[in-house]
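Me: I'm new to reading protein structures, and I'd like a close look at one part of this one. Could you walk me through the second largest pocket and the charged pairs around the place where the chains meet?

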Amino acid sequence: MKRQSYTSRQSLFLMELILAIFFFVVASAICVQIFAKAHLMSRHTHATQIAVEQASNAAEIIRSNPTHAQEALVKYLPTATTTDNTLTVHLGDDGAPVEDEGAPYTMVLTLSPSKTTMTADITVTQKDGATPLYTLQVKKHLAQGGV
Amino acid sequence: MTTNYTSRTAVTYLTQKIRQNPGEVKVAPLPDGTPALILADGDTITTIYAHQDTLKEQNTPATQTFNPETGTDLLTITAFTPELKEEHLLKLTLRDGEGQTQCAYVEVNPQ
């Protein structure tokens, strides 16, 4: 009788221990997922901030000199490569323009000048990303003469 | 991530101040030779400048003599360089206390 009670208490303790380990494993799995998600969100936020900053800088350069926007962009973003009305700028980890084609970010500026308006579409994409990080359209009325 | 709360916030603050300013925006040297950002608004002049490793802002009447000691502290920095690159383009470069450099272009005095 005594022996049976001892065995019963032992198995009860074992069950309690298994339950505690089970809850610990579940809680750990949830925490790891939360940390991983937070890390990914932080990286995405950093990338978006770089995209917004660089697109805004390019937009301000265009707005300050709409009649000669392409020349101004080449002057202030010297690593830009030009094809007709499109400029491509590779950006490094800190957002600074670099010549390396394998850079983490790429900014593409498409200029559409007309007689009265300079329109520019700016798109920043990440190296591995399919969707653009940030897009911005700039329109500036040309005071006289046009392009 | 700390950069978000230091130099990025400061650059955003400065660009907003410039955009809000209805008057002329210019860059002029202080008596000690360091370049300062000057925002003129009627009879009031806002001067933003670096003084003793601190970014400072001072609002003074146009007639009052400028004293760099009396400005309001904005941020601990190691360098602040406003440059008027063209008639309508201002370049702001700011290096915060942690050595992070932020650079921003802003259109000024729109046509």
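Reply: Here is a walk through that pocket, followed by the salt bridges. Keep in mind that this is a predicted model.

Let's start with the empty space. Rolling a probe the size of a water molecule over the atoms shows where empty space is left. The second largest pocket holds about 360 Å³ of it. There are 19 lining residues, and the ones closest to the centre are A:Glu53, A:Ser56, B:Val11, B:Thr12 and B:Thr15. Which elements give two or more residues to this lining? They are α1 (2-64) of chain A, plus α2 (7-20) and β7 (101-107) of chain B. The largest share is from α1(A), with seven residues. Sort the lining by class and you get eight nonpolar residues, seven polar ones and four charged ones.

Now hang on to A:Glu53, one of the residues closest to the pocket centre. Side chains of opposite charge can pair when their charged atoms come close. The side chain of A:Glu53 makes a salt bridge with that of B:Arg8, at 2.5 Å from N to O. A:Glu53 sits in helix α1 of chain A and B:Arg8 in helix α2 of chain B, so this pair joins two chains. Are these two residues buried or exposed? Both A:Glu53 and B:Arg8 are buried.

Another salt bridge brings in strand β7 of chain B, which you met in the pocket lining. B:Glu107 pairs with A:Lys140, with their closest N and O atoms 2.8 Å apart. This pair crosses between chains too, going from strand β7 of chain B to strand β6 (residues 134-141) of chain A. B:Glu107 has a relative accessibility of 7%, so it counts as buried. A:Lys140 comes in at 12%, and therefore also counts as buried. The pair has company as well: A:Arg63, A:Lys140 and B:Glu107 are linked in a network of salt bridges.

For contrast, try a pair with both partners in chain B. B:Glu83 forms a salt bridge with B:Lys85, and here the closest N and O atoms are 3.7 Å apart. B:Glu83 is partly exposed, because its relative accessibility is 29%. B:Lys85 is partly exposed as well, with a relative accessible area of 33%.

How many salt bridges does the structure hold over all chains? There are eight, and the pairs above are among them.

Technical notes:
Residues numbered from 1 in each chain as written. Chains lettered and ligands numbered in written order. Predicted model: local features only at pLDDT ≥ 70, side-chain atom pairs only at ≥ 80, totals over all residues. Heavy atoms only, no water. 1 Å grid on protein atoms, 1.4 Å probe; cavity = no way out; pocket = protein on both sides within 12 Å on 5 of 7 lines; lining within 4 Å. Points joined across faces, edges and corners; volume = space filled by probe spheres on them. Helix = DSSP H or I, 4+ residues; strand = E, 2+ residues; numbered from the N terminus. Nonpolar A, V, L, I, M, F, W, Y, C, P; charged D, E, K, R; others polar. Salt bridge = Lys/Arg side-chain N within 4 Å of Asp/Glu carboxyl O. Buried < 20%, exposed > 50% of the residue type's maximum accessible area, 1.4 Å probe, protein only.
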